[in-house]
Amino acid sequence: MFAAEFKPAQLGRRRSVRAPVSLDARIGKTARALCKLVDVSVHGARLQTYSALTRGGTIWLTLPGVGQRAADVMWADDFTAGCQFHQPLDEDSVEALIALSQGQR
């Protein structure tokens, strides 16, 4: 198990607190499009993309060390988008992503 410290974002409308990260991820069933994972929680993530995503669309997101997850695009603004995972991540996966991000700094 990883022990990672992070400053939680405001919860607001979210069901779970998101932690800031900076990780490369991929979008698409064949993981062809590169994106940047900006924050992550058990229920979702915020992405910076190189092509615009459409609100209401479903994407396949490949997370480093976690694998592919289906997610719905809840909002999109130019090249930033928030998505909600179809199946929540487990806490260990979120902690591993945070630790991986901290190790890259």
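1. The pairing of K36 is a convenient place to enter this predicted model, since in strand β3 the bridge partner of K36 is Q48. Strands here are DSSP runs of E with at least two residues, helices are runs of H or I with at least four residues, and both are numbered from the N terminus; two strands are taken to pair if DSSP finds at least two bridges between them. As to conventions, residues are numbered from 1 along each chain as its sequence is written. The model being predicted, local features need pLDDT of at least 70 and side-chain atom pairs count only at pLDDT 80 or more, while totals for chains, interfaces and linings use all residues, and side-chain values use heavy atoms, with hydrogens and water left out.

2. On the strand order around β2, strand β1 (residues 19-27) and strand β2 (residues 33-40) run antiparallel and are joined by 7 bridges, with A19 standing opposite V40 of β2. The hairpin of β1 and β2 has 5 residues between the strands, and G28 in that hairpin takes a positive phi near 115°. On the other side of the sequence, β2 and strand β3 (residues 44-49) also run antiparallel, here with 5 bridges, and the hairpin that joins β2 to β3 does so through 3 residues.

3. A search of the whole structure for salt bridges finds 3, a salt bridge being a side-chain nitrogen of Lys or Arg within 4 Å of a carboxyl oxygen of Asp or Glu. D24 and K36 form one of them, at 3.0 Å from N to O, and this pair links distant parts of the chain, with D24 in strand β1 and K36 in strand β2, 12 residues apart. Accessibility is classed as buried under 20% relative accessible area, exposed over 50% and partly exposed in between, with a 1.4 Å probe and protein chains only; by that scale D24 is partly exposed at 44%, and K36 is partly exposed at 25%.

4. D39 deserves separate attention, as its salt bridge with R18 has the closest N and O atoms 3.3 Å apart. The pair connects distant parts of the chain, D39 lying in strand β2 and R18 in the segment before β1, 21 residues apart. D39 counts as buried at 6% relative accessibility, and R18 likewise counts as buried, at 9%. D39 also forms a salt bridge with R46, whose closest N and O atoms are 3.2 Å apart, so that R18, D39 and R46 are joined into one network by salt bridges that share partners; R46 itself is partly exposed, with a relative accessible area of 28%.

5. Turning to the interior, the largest nonpolar core has 24 residues, and those with the most contacts inside it are L37, V40, L47, L61 and L63. Such a core is a set of buried Ala, Val, Leu, Ile, Met, Phe, Trp, Tyr and Cys residues joined through side-chain atoms within 4.5 Å. At least two residues of this core come from each of β1, β2, β3, β4 (58-63), β5 (67-77), β6 (80-85) and α1 (91-104), and β1 gives the most, with 5 residues. As general background, nonpolar side chains in soluble globular proteins tend to be buried together. Leaving aside neighbours within four places in sequence, L63 is in contact (heavy atoms within 4.5 Å) with A25, L37, R69, F85, L89 and L97.

6. Which residues does V42 touch, not counting residues up to four places away in sequence? They are S16, F85, P88, L89, E91 and V94. V42 lies in the loop between β2 and β3, and V42 is nevertheless classed as buried, with a relative accessible area of 15%. The C-alpha atoms of V42 and Q87 are separated by 8.9 Å, although these residues stand 45 residues apart along the chain.

7. Regarding cysteines, the structure holds 0 disulfides, a disulfide being a pair of cysteine sulfur atoms within 2.5 Å. For C35 the closest cysteine sulfur is that of C83, and because the separation is 8.3 Å, the two are too far for a bond. C35 is buried, with a relative accessible area of 1%, and C83 is buried as well, with a relative accessible area of 2%.
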